[in-house]
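The exercises below ask for a close reading of one protein chain, and each is followed by a solution that goes step by step.

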Amino acid sequence: MSGEKNTYVPPVTNRGVQSTVETGLRACVDWVQATLKNFSVEQLITDVLKLDFKDFVPQDNGAFGYKKSLCYGRIVVYYDGNPDMGVHFKLSGQACREYEECAVQTWGKLFAEVLGNGGHLTRLDVAIDDFAGYFKISTVLSKIKKGELVSKFKSAKSIEGIKIEDGASKGRTVYFGSEK
């Protein structure tokens, strides 16, 4: 093996990460929100998200202090807030999958666009699904409770989905970081 060049080329993917399905793990961007000041709503859509402005449909409501919004599927852009608010976009979990389907740029390139234009990521969720059982939730929780986890996050929360019909577990999740 010594002297051999590594000829492995990671697969092309819109997520910006290598596919980890072969190992039983899958990582994905699961929620993104960002604000950009000094940008018009059209600039945000075309220059940052790299989507077609004509595909977005005006909505009757806003959120987060913005009066108006535009939607393309579940991708939402908010605008018309106070003059210092700029524009804001939200990609929920399903919107992240829709954005990946558009295949216009990798997540890394989107984040570079946001940050390179003075934007601020207000929320970024990354999910790691474990299909092979590498991580046992009970072990992870035990490590956290014993203070054996080293992390920048200050809190964690455990949630279990349970089928009411028969009491079967639908899966357990540990969330790290603030819900805000």
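A contact here means heavy atoms within 4.5 Å, and helices (H or I, at least four residues) and strands (E, at least two) are DSSP runs, numbered from the N terminus. The model is predicted, so that local features need pLDDT of at least 70 and side-chain atom pairs count only at pLDDT 80 or more, while totals for chains, interfaces and linings use all residues. Residues are numbered from 1 along each chain as its sequence is written, and side-chain values use heavy atoms, with hydrogens and water left out.

**Exercise 1. Describe the overall make-up of the protein chain.**

Begin with the secondary structure, which comes to four helices and eight strands, in the sequence pattern β-α-β-β-β-β-α-α-β-α-β-β. Next, consider burial, where buried means under 20% relative accessible area, exposed over 50%, and partly exposed in between (1.4 Å probe, protein chains only); of the 180 residues in the protein chain, 28% are buried. Then turn to contacts between residues at least 6 apart in sequence, of which 54% join residues at least 24 apart. Finally, the chain exposes about 12,300 Å², with carbon and sulfur atoms supplying 53% of that area, as computed by the Shrake-Rupley method with a 1.4 Å probe, where for residues only the protein chains shown count as cover.

**Exercise 2. Determine which residues of helix α1 are buried, and what covers them.**

Helix α1 spans residues 41-48, and its buried residues are Val 41, Leu 44, Ile 45 and Val 48. They lie on the same side of α1, because they cover an arc of only 115 degrees around the axis, the arc being that of the directions from the helix axis to the C-beta atoms. The general background is that an α-helix has 3.6 residues a turn, so residues three or four places apart point the same way. The cover over the buried residues of α1 includes the strands β1 (25-36), β3 (68-72), β4 (75-79) and β5 (87-91), together with the helices α2 (93-102) and α3 (107-116). Just after α1, Lys 50 takes a positive phi of about 65 degrees.

**Exercise 3. Classify the aromatic pair of Phe 64 and Tyr 78, and place both residues in the chain.**

Rings of Phe, Tyr and Trp (its six-membered ring) pair if their centres lie within 6.5 Å, and planes under 30 degrees apart count as stacked, over 60 as edge-to-face and the rest as tilted. A search of the whole structure finds six aromatic pairs. For Phe 64 and Tyr 78, the ring centres are 5.3 Å apart and the planes stand at 90 degrees, so the pair is edge-to-face. This pair links distant parts of the chain, 14 residues apart, with Phe 64 in the loop between β2 (57-59) and β3 and Tyr 78 in strand β4. Phe 64 is partly exposed, at a relative accessible area of 46%, whereas Tyr 78 counts as buried at 6%. Phe 64, Tyr 66 and Tyr 78 form one aromatic cluster.

**Exercise 4. Compare the settings of Asn 38 and Asp 80.**

Asn 38, although not a glycine, has a positive phi of about 55 degrees. It lies in the loop between β1 and α1, where its relative accessible area of 78% makes Asn 38 exposed. Asp 80, which is likewise not a glycine, has a positive phi of about 65 degrees. Asp 80 belongs to the loop between β4 and β5 and is partly exposed, with a relative accessible area of 32%.
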